[in-house]
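Biologist: Could you take me through this one and show how each label was earned?

Modeller: Gladly, let's look at it together.

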Amino acid sequence: MRTRVDDLGIAEMAARSGFSEPTLRYYEKIGLLGPVPRDVDSGHRRYDEATAARIEALACLRSAGVGVADLRRYLDLLARGDAESAAAQRDLFSAQAARVEAEIARLRVRAEYLHRKTDLWDARVRGDADAERRAVAAVTEVLTRF
């Protein structure tokens, strides 16, 4: 097993980051990764420590729903490193956190809908008309929150 990150080929970097190989190639092409070192003999990509760290940061952000444009903005602001860019980074992350929280709220409503539908079908399986009426009312109420 390799112990040095700069020994990672694209398949290994994909497995480590969760990005597909085409995504890694695309991110390199559009400049999110900077120049990726190549093996001198084969020309294959070899990911060094700095590039691997950058990819892992991008993977974390991407999995939190950060889009490519905001990934680019994050990297641009990071490179600037001044107080103004720190404030912009704060705003970027705050806005994304708000989007994630809103999505969590939507998912909670969807999960509740699924639970109420489970109750409905369970009542039907048991032949419990009263429980079925209550479940229908509960499903209807949840639907008002979509």
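Biologist: What does glutamine 96 touch, not counting residues up to four places away in sequence?

Modeller: Glutamine 96 touches Ala64, Gly65 and Val66, where contact means heavy atoms within 4.5 Å. Bear in mind that this is a predicted model, with local features needing pLDDT of at least 70, side-chain atom pairs counting only at pLDDT 80 or more, and totals for chains, interfaces and linings using all residues. Residues are numbered from 1 along each chain as its sequence is written, and side-chain values use heavy atoms, leaving out hydrogens and water.

Biologist: Why is glutamine 96 called buried?

Modeller: Its relative accessible area is 9%, and buried means under 20% (1.4 Å probe, protein chains only), so glutamine 96 counts as buried.

Biologist: How do you know that the length of helix H3 agrees with its residue count?

Modeller: The expected span is 1.5 Å times one less than the number of residues. For the 15 residues of H3 (residues 49-63) that gives 21 Å, and the end C-alpha atoms are 21 Å apart, so the two agree. Just after H3, glycine 65 takes a positive phi of about 90°.

Biologist: What makes H5 and H6 roughly antiparallel?

Modeller: The axes of H5 and helix H6 (residues 129-143) cross at roughly 160° and come within 8 Å. Axes are lines fitted to C-alpha atoms, for helices over the stretch in contact, with angles from 0 to 180 degrees between N-to-C directions. Angles over 145 degrees count as roughly antiparallel, so H5 and H6 earn that label.

Conventions:
Buried < 20%, exposed > 50% of the residue type's maximum accessible area, 1.4 Å probe, protein only. Helix = DSSP H or I, 4+ residues; strand = E, 2+ residues; numbered from the N terminus. Parallel < 35°, antiparallel > 145°, perpendicular 65-115°, else oblique.
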